[in-house]
Amino acid sequence: MRHAAVLGGTFGAAVLAPLVAGLEPASARPAAVQAAALNAGVHGGQARTAGYRGARIPVPAGWEVHRLDLDPSRCVRHDRPAIYLGRPGAEQDCPARLIGGAETLHVEPLDGVSAQRRGGAVRANRLARFAVRESFARRVSVRVPEAGVSITGVYGGDARALQDVIRSVRLTAAWAAGGSPSAERRGGTARKEPRIARPTAREKGWAAGRGFDTCTAPSSRTMAAWRRSYAIANIYIGGASRGCSQPNLTRFWVKAVRRMGYRLIPTYVGLQAPCNQDAYRAHFKAKDAAAEGRRAAADAVARARALGIPRKRPIYFDMEAYPSAKTKCRQAVLTFLHSWSRAITARKYVSGVYSSAGSGIRDLGWATGIAKPKSVWFAHWDNKASAYGSPFLMDHWWHPHRRIKQYRGPHKEEHGGISLNIDSNVVDGRVY
C-alpha cells in the first residue's frame with residue numbers, strides 16, 4: 001500500500017518518505033479523463049454536489065470527487081478527503097505505499113435493486129440523523145435501497161466530519177438505471193485464471209526469494225501474469241490505517257493466488273505511534289498502548305480467518321517509522337507490539353512486525369523483557385537484495401528464516417505485459 005521509511009545515512013536516523021511519492025502526475029492522464037474523474041456527477045458553482053443514482057452529496061471544501069466508471073483505473077485511496085462514485089476497476093493504478101486516516105466516502109450501486117421511477121423525493125431522509133458509531137476499524141457502512149446505493153465511509157482521528165457528510169446526503173427515489181458501469185464487478189471476483197503451480201501439501205512455514213508489495217491486491221489476472229517473475233506477495237488484510245480499498249481481496253482471491261503457487265505476507269495496518277500524530281491521524285495514545293495492541297491482534301485474526309488464512313500462519317503489524325529517540329514514544333510502541341505479539345500467539349497465529357530498520361525493528365531487537373515477534377519485515381531502501389548485513393540489525397536477530405527486507409521503495413515494473421507500482425522485497429521469513 002504504502003508507507004515505508006527511507007533510512008538516512010547516520011545510524012538510527014529515519015525519516016518518513018513523502019506519502020504522495022509515486023503518484024501519477026495529473027498531467028499524465030488524458031485531459032478528458034481528468035475532467036470526467038473530477039467533475040462527472042458534480043453540480044453547482046461554489047457549493048458543489050456530487051450525484052450518483054438516488055444520492056445527492058454536498059461536497060465539502062477541499063474534497064476531491066472521482067467517478068470510477070469513467071476512470072476505472074482510479075485508485076480508491078484513504079489518505080486524502082475524497083468522494084468516490086461507482087465500483088472500482090479490477091486494475092486500480094495505486095501507489096505502492098499509502099497510510100490511510102483521511103475521511104473518504106465511497107458510494108456504490110447496490111446489487112439487486114432496480115430503479116424506482118416514482119417521480120418524487122423520498123419523504124423522510126433517514127440519513128439526516130445518521131450516527132457514526134466509533135469502531136476499531138474506523139469504517140462505517142449503510143445500505144440505502146431507495147436510492148439504489150450503498151455508502152461506505154472511512155475516517156481517521158475524528159468521525160464527526162464524516163458523520164456530517166453522510167447526514168448531508170439527500171435521497172430521491174427518482175433515479176434512472178444505468179448509473180453504474182455496464183461491466184460491473186461482483187464481490188472482487190475475477191474470471192478463473194490458469195493454474196501455474198500448486199503449493200505442496202506439506203509446505204514450509206517460511207519462504208526465500210524475492211517478493212513485491214503494493215497498495216491494493218491486484219486482480220487475479222495480474223497475479224497470473226506476474227507469477228513467472230514473483231512467487232511472494234504482500235496483502236493488506238485490514239486496519240484503521242490501511243491506505244487503499246481492497247475490492248479484489250476476498251477469500252476466493254486468496255485461494256486462487258495460492259493455487260498459482262504464491263506465498264503471501266498478510267499485513268495489518270493499524271493505529272500508529274503516538275508521536276506520529278502529525279503524520280498519521282489514526283494513532284494510539286501512550287496510556288492505551290497495551291490495550292490497543294490486544295485489540296489490533298483480535299481484529300487482525302478475525303480478518304485473517306475471514307480470508308481463509310489458517311492458524312500457525314504469520315500476521316505482520318505495520319508500524320511506520322517513528323522518532324525512536326523520544327523515550328516515551330519508543331516505550332509506548334514497544335508496549336503496543338509486546339501486547340500484539342502475545343495476543344497473536346494466544347490465538348495460535350504467528351506474530352510478525354513490519355517497521356523501519358532504524359526505528360521499530362532496531363528497537364525490538366535491543367529490547368529486553370518483552371514478547372518479540374517471531375518474524376520481522378524491515379524497510380531499508382539501500383537497493384541491496386540481502387536480508388542480512390544491515391547496519392541497524394544484528395545478523396543473529398531473527399535468524400534463520402525469520403526476516404524480510406524491503407530494499408527498494410516505490411517504482412514501476414512490468415511483467416507479462418502488465419505494469420504495477422510496487423516496493424521490492426527479499427524474503428527469508430515467515431509467510432502464508
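**Exercise 1. Is Y268 buried or exposed?**

*Solution.* This model is predicted. Start with the location: Y268 lies in strand 15, residues 263–268. Next, take its relative accessibility, which is 0%. The cut-off for buried is under 20%. Y268 therefore counts as buried. Finally, look along the chain: Y316 is 48 residues apart from Y268, yet their C-alpha atoms are separated by 6.1 Å.

**Exercise 2. Describe the sheet that contains strand 15, then place the helices on it.**

*Solution.* Begin with the strand order. A closed barrel of 8 strands runs 13-14-15-16-17-18-19-20, and its pairing is mixed. On average, neighbouring strands in this sheet are turned by 35 degrees against each other, direction ignored. Now take one pair. Strand 16 (residues 314–318) and strand 17 (residues 350–356) are parallel and share 5 bridges. Within strand 17, S351 stands opposite I315. Then add the helices. Helix 4 (residues 251–259) packs on the sheet and touches strand 14 and strand 15. Its direction makes about 145 degrees with that of strand 15. Helix 6 (residues 327–346) also packs on the sheet, touching strand 15, strand 16 and strand 17. The direction of helix 6 makes about 150 degrees with that of strand 17.

**Exercise 3. Which side chain joins K405 in a polar contact of 2.9 Å?**

*Solution.* Locate the lysine first: K405 is in strand 19, residues 403–415. Check accessibility: at 3%, K405 counts as buried. Now find the partner. The side chain of D382 joins that of K405 at 2.9 Å. The K405 side chain also reaches the backbone oxygen of S386, at 3.3 Å. Beyond four places in sequence, K405 contacts several residues, including W377, F378, H380 and N425.

Key:
Residues are numbered from 1 along each chain as its sequence is written. This is a predicted model: local features need pLDDT of at least 70, side-chain atom pairs count only at pLDDT 80 or more; totals for chains, interfaces and linings use all residues. Side-chain values use heavy atoms; hydrogens and water are left out. Helices (H or I, at least four residues) and strands (E, at least two) are DSSP runs, numbered from the N terminus. Buried means under 20% relative accessible area, exposed over 50%, partly exposed in between (1.4 Å probe, protein chains only). Two strands pair if DSSP finds at least two bridges between them. Axes are lines fitted to C-alpha atoms, for helices over the stretch in contact, and angles run from 0 to 180 degrees between N-to-C directions. Contact means heavy atoms within 4.5 Å. A polar contact is a pair of N or O atoms within 3.5 Å; within protein, one must be able to donate a hydrogen and the other to accept it, and residues adjacent in sequence count only if both atoms are side-chain atoms.
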